[in-house]
Amino acid sequence: MFTIKVDEITEEGLDLEWEEDHPSIMAFLKNFSQIDFDLEEPLRTKARVWKAGQSVVIQATVQTVLQLHCVRCLKEFPYPLSSALNLTLLPSKKAPHEEEVELKEEEMESTFFEGGEIRLSEIACEQIFLDLPYQPLCDEACKGLCPVCGKDLNLSNCDCTPDELESGFSVLKKLRLN
Ligand SMILES: [Zn+2]
Ligand SMILES: [Zn+2]
């Protein structure tokens, strides 16, 4: 995990670039175990970090290709992701009175850092979670699986009648008749 000490950040700023693969961010991803995805390509981050008074400003772009599961047909599909973040971190002990108002006007997110260290990897990972689609689809037009026979309707149609498709209980009814 990539971290930076607040003392190392100058007012002129630092240009940073780093890459992380799946194993190196696994520990952090475990905290989000309910989210089902994989990294197909390393997570690449380009960031500019600088000090503005007591706070630290981070402007970064996070890029990767994720592997997601389609909620309709359950297939895995690649999901290219490129996300920009604009973050202002304030020291945790300082109350963000005046500064907060200023930040809201600029529509920037603000959060806090603790212990003189900024965990840049975590910030990059969190950005992925913010940009994950709530209901991933391999394609907007994905037909999904037949609720009766389970066939992938993107590949071929099945012989189930519209009647059966409308009622998920049809399988049960048939079983009872037999
Ligand atoms: Zn699909
Ligand atoms: Zn079917």
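Mentor: Let's start with a cut-off: a residue is buried if 20 or more other C-beta atoms lie within 10 Å of its own, and exposed if 12 or fewer do. Keep in mind as we go that this is a predicted model.

Trainee: Thanks! Is Pro80 buried or exposed?
Mentor: Pro80 lies in strand 6. Around this residue there are 10 C-beta neighbours inside 10 Å. Exposed means 12 or fewer, so Pro80 counts as exposed.

Trainee: Which residue is the bridge partner of Pro80?
Mentor: Look across from strand 6 to strand 5, since the two strands run antiparallel and are joined by 14 bridges. Leu66 is 6.2 Å from Pro80, C-alpha to C-alpha, and 14 residues from it in sequence. The bridge partner, though, is Val65.

Trainee: What is the phi of Leu74 near?
Mentor: Leu74 is found in the loop between strand 5 and strand 6, a hairpin with six residues between the strands. Most residues other than glycine have a negative phi. Leu74 is not a glycine, yet its phi is positive, near 70°.

Trainee: And is Leu74 buried or exposed?
Mentor: Count the other C-beta atoms within 10 Å of Leu74, and you get 12. The cut-off of 12 or fewer includes that count, so Leu74 is exposed.

Trainee: Let me step back to the whole chain. How many helices and strands are there in the protein chain?
Mentor: Follow the pattern along the sequence, which reads β-β-α-β-β-β-β-α-β-β-α-α-α. Each α is a helix and each β is a strand, and counting them gives five helices and eight strands.

Trainee: Which element has the highest mean pLDDT?
Mentor: The protein chain averages a pLDDT of 82, and 76% of the residues score at least 70. Helix 2 (residues 97-105) has the lowest mean among the elements, 50. Where pLDDT is low, the predicted coordinates should not be read in detail. At the other end, with a mean of 96, is strand 4.

Trainee: Which element supplies the largest share of the largest nonpolar core?
Mentor: That core has 16 residues, and those with the most contacts inside it are Ile58 and Ala124. At least two residues each come from strand 4 (43-52), strand 5 (55-69), strand 6 (76-91) and helix 3. The largest share, five residues, comes from helix 3.

Trainee: Which residues in helix 3 are buried?
Mentor: Helix 3 has twelve residues and reaches 17 Å from its first C-alpha to its last, close to the 16 Å expected. Ala124 from the core is among its buried residues. The full set is Leu120, Ile123, Ala124, Cys125 and Ile128.

Trainee: Which residues does Ala124 touch, not counting those up to four places away in sequence?
Mentor: Contacts across the sequence are a good thing to look for here. Among contacts in the protein chain between residues at least 6 apart, 58% join residues at least 24 apart. For Ala124, the residues touched are Leu43, Thr45, Ala60 and Val62.

Trainee: Why does Phe129 count as exposed?
Mentor: Phe129 is found in helix 3 (residues 120-131). Its C-alpha atom is 9.8 Å from that of Leu29, although the two are 100 residues apart along the chain. The label rests on the count inside 10 Å, and Phe129 counts as exposed because its C-beta neighbours there number 12.

Note on methods
Residues are numbered from 1 along each chain as its sequence is written. Chains are lettered from A and ligands numbered from 1 in the order in which they are written. This is a predicted model: local features need pLDDT of at least 70, side-chain atom pairs count only at pLDDT 80 or more; totals for chains, interfaces and linings use all residues. Helices (H or I, at least four residues) and strands (E, at least two) are DSSP runs, numbered from the N terminus. Two residues are in contact if their C-beta atoms, placed from the backbone, lie within 7 Å. A nonpolar core is a set of buried Ala, Val, Leu, Ile, Met, Phe, Trp, Tyr and Cys residues joined through C-beta atoms within 7 Å. The expected span of a helix is 1.5 Å times one less than its number of residues. Two strands pair if DSSP finds at least two bridges between them. pLDDT is the predictor's confidence in each residue, from 0 to 100.
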